[in-house]
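Student: I would like to go through this structure with you and ask, term by term, how each label is justified.

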Amino acid sequence: MFIYPKKYEVIVIGGGHAGCEAALAASRMGHQTLLLTINLDNIAQMSCNPAIGGLAKGHLAREIDALGGEMAKNIDATGIQFRMLNKRKGPAVWAPRAQADKKAYQFRMKAVLEGQENLDVKQEIVEEVLVSGSKVDGVWTQTKTIYKARTVILTAGTFLQGLIHIGEFKCSAGRAGEFAAQNLSTNLRNLGFEVRRLKTGTPPRVNKRSIDFSQLQMQKGDEHPQPFSFANSKITQSQIPCYLTYTNKKAHQLILENIKRVPLYNGQINSTGPRYCPSIESKVVRFPHKHKHQVFLEPEGRDTEEIYLNGLATSLPMDIQIAVLKCIKGLENVEMMRPGYAIEYDFCPPTQLKPSLESKIIKNLFFAGQINGTSGYEEAAGQGIIAGINAVLKLQGKKALILGRDEAYIGVLIDDLITKGTDEPYRMFTSRAEYRLLLRQDNADLRLMKYGYKAGLISQQIYQCVKKKEILIKQEIKRLKQKRIGDKSLAELLRQPEKSYQDIPSAIDFPDDAIRHIELTIKYEGYIKRQLTQVAKFRQLESKAIPADFNYCGIQGLKAEAQEKLDRIRPVCLGQAARISGVSPADISLLMIRLKSYKLQVASCKQEATGCKLQATSFKQET
């Protein structure tokens with residue numbers, strides 16, 4: 001046994017998207033941090049699709065940037081195609097998405113981590129989280145080395161007892177070609193955590209030179225691409241097109257004829273997969289009336305021939321995967337470079353966490369990413385930066401950063417996880433956010449940069465620019481409402497569907513992002529006011545805290561299911577309690593009554609204690 005001589009304040013286990021953001025946040029906040037990962041060459045690896053953003057995920061990426069994270073800057077520097085999705089719909093669901101040069105993304109993030117002050121990066125397999133009493137003490141690795149730390153952040157991805165399936169073949173792996181972490185799950189169970197299994201999958205990669213692109217639909221990027229990071233004004237690199245094709249009846253029939261060889265249907269896999277990103281075999285079985293499904297051909301980088309087949313995730317046997325590919329238009333002569341596969345892995349149900357992402361069982365132990373049951377790089381990174389910030393705030397004895405559902409998609413994500421848990425890989429959608437018109441991708445800086453600045457992750461220069469932008473927007477909206485042309489204000493003119501800001505008389509030459517915000521605020525003012533009214537009601541329940549030691553037993557009329565779930569999840573406020581599945585409005589009313597009674601009792605006890613102290617003081621003075 002070797003005890004590493006350097007003592008750390010934060011250890012991050014795992015070098016995926018959650019681990020990268022957690023380690024950078026902790027070290028940038030001035031605390032000695034260690035990142036341990038199974039393979040240094042695969043830091044920030046894009047295990048599945050080579051892209052950042054998309055529906056709701058683009059919102060998360062911009063929020064991470066507003067808090068001071070690295071994901072948005074990384075994709076801006078290494079993206080090969082940029083698109084703003086859903087522009088034909090309302091602004092609440094506009095979402096940036098970018099194809100990444102997979103290896104460039106990975107290598108740039110690795111360089112950022114290696115060059116970061118207060119951060120050490122090492123290649124190790126963690127076998128155990130070490131605990132002293134009820135508090136984390138460090139980690140034990142496969143090389144029989146102990147690294148001591150005051151806090152630990154666990155971001156293990158799909159590596160906990162990962163098991164890959166390709167037809168009848170299966171093997172232990174964290175992802176294709178990498179070791180799994182075999183012993184950490186047992187350690188977590190021994191520490192008292194519930195551990196369960198999930199499943200996800202990935203499609204084949206094929207050789208670009210073997211594709212007949214003349215038969216495919218080309219999809220180009222935006223002519224004027226918008227950066228992800230608020231620190232960048234434009235994207236300057238050239239873009240690469242993607243392509244679209246479809247599966248067909250012949251391919252579907254081939255899948256159905258071999259369905260007994262598919263692990264998900266022959267009993268080989270029993271864990272739950274992602275509902276909203278199913279395998280092609282699941283699509284064919286679940287939607288027999290559909291005779292074709294989209295397949296997007298996405299380049300994996302500028303200097304590789306590999307093409308990712310988005311929409312064709314599969315665990316079919318190798319021979320059937322190849323046969324199915326050759327049924328698809330444009331892929332008749334295709335050469336498969338890597339097969340698709342399914343992977344099962346362990347996760348810890350996130351209802352075992354506090355809103356800060358700290359464990360309820362072990363103090364100073366935080367969880368982030370797929371170990372919490374999520375799916376996606378952006379969901380992982382959003383948890384990672386929050387866990388990194390909160391680990392440091394815990395060390396500093398400061399209040400944790402808890403983002404509300406009305407403040408950020410990250411807030412919705414974490415609240416959903418810790419309140420409702422998940423039985424399948426959780427994916428973020430705009431529909432999950434009740435106040436999505438307030439949580440647009442364009443205003444993430446105005447919503448969240450104050451928190452990044454307070455944490456020390458946003459520079460004063462950048463923060464001052466955002467404050468100036470905020471003032472400029474408010475002043476211009478006020479001017480548009482006050483200045484009139486005839487019987488109409490400029491704001492009323494701008495509210496007309498066909499009008500843009502540039503069409504308004506006396507329009508000022510503002511930056512594009514400020515103009516976009518002014519337009520949306522004016523055009524959707526009525527809807528925004530309505531959501532702000534809803535937020536005010538929401539905050540009333542959120543402000544009613546529930547004591548950590550509150551006893552739910554014995555509340556007359558409270559259903560047994562509600563009592564059990566409230567006692568297990570231990571909500572921090574009435575708002576969170578109301579969002580727990582199985583807790584009804586009637587249960588909340590009973591809980592409110594009991595809380596009032598509880599607070600009166602506490603106040604009475606405090607008065608009695610104060611009286612006793614005064615009497616004791618008086619007695620001492622007399623004697």
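The conversation below takes up salt bridges, burial and one sheet.

Tutor: Before we begin, note that this is a predicted model, in which local features need pLDDT of at least 70 and side-chain atom pairs count only at pLDDT 80 or more, while totals for chains, interfaces and linings use all residues. Residues are numbered from 1 along each chain as its sequence is written, and side-chain values use heavy atoms, with hydrogens and water left out.

Student: Why is the contact between glutamate 9 and arginine 150 called a salt bridge?

Tutor: A salt bridge is a side-chain nitrogen of Lys or Arg within 4 Å of a carboxyl oxygen of Asp or Glu. The closest N and O atoms of glutamate 9 and arginine 150 are 3.7 Å apart, so the pair meets that cut-off, and the structure holds 42 salt bridges.

Student: What does the salt bridge between glutamate 9 and arginine 150 tie together?

Tutor: Glutamate 9 lies in strand 2 (residues 8–13) and arginine 150 in strand 10 (residues 145–154), so the bridge ties together parts that are 141 residues apart in sequence. Strands here are DSSP runs of E with at least two residues, numbered from the N terminus.

Student: What makes glutamate 306 buried, and how is arginine 338 classed?

Tutor: Buried means under 20% relative accessible area, exposed over 50%, and partly exposed in between, computed with a 1.4 Å probe on protein chains only. Glutamate 306 has a relative accessible area of 9% and is therefore buried, whereas arginine 338, at 44%, counts as partly exposed. These two residues also form a salt bridge, with their closest N and O atoms 2.8 Å apart.

Student: Which class do glutamate 300 and arginine 205 fall into?

Tutor: Both glutamate 300 and arginine 205 are buried, and they form a salt bridge whose closest N and O atoms are 3.2 Å apart.

Student: How do you know that strand 5 and strand 6 are paired?

Tutor: Two strands pair if DSSP finds at least two bridges between them. Strand 5 and strand 6 (residues 95–100) share 6 bridges in the antiparallel sense, so the criterion is met; arginine 83, for example, has arginine 97 in strand 6 as its bridge partner.

Student: Why do strand 4 and strand 5 count as edges of their sheet?

Tutor: The sheet is open, with 3 strands in the order 4-6-5 and antiparallel pairing. Strand 4 (51–53) and strand 5 (79–85) each have a single partner strand, so one side of each is left without a neighbour in the sheet.

Key
Helices (H or I, at least four residues) and strands (E, at least two) are DSSP runs, numbered from the N terminus.
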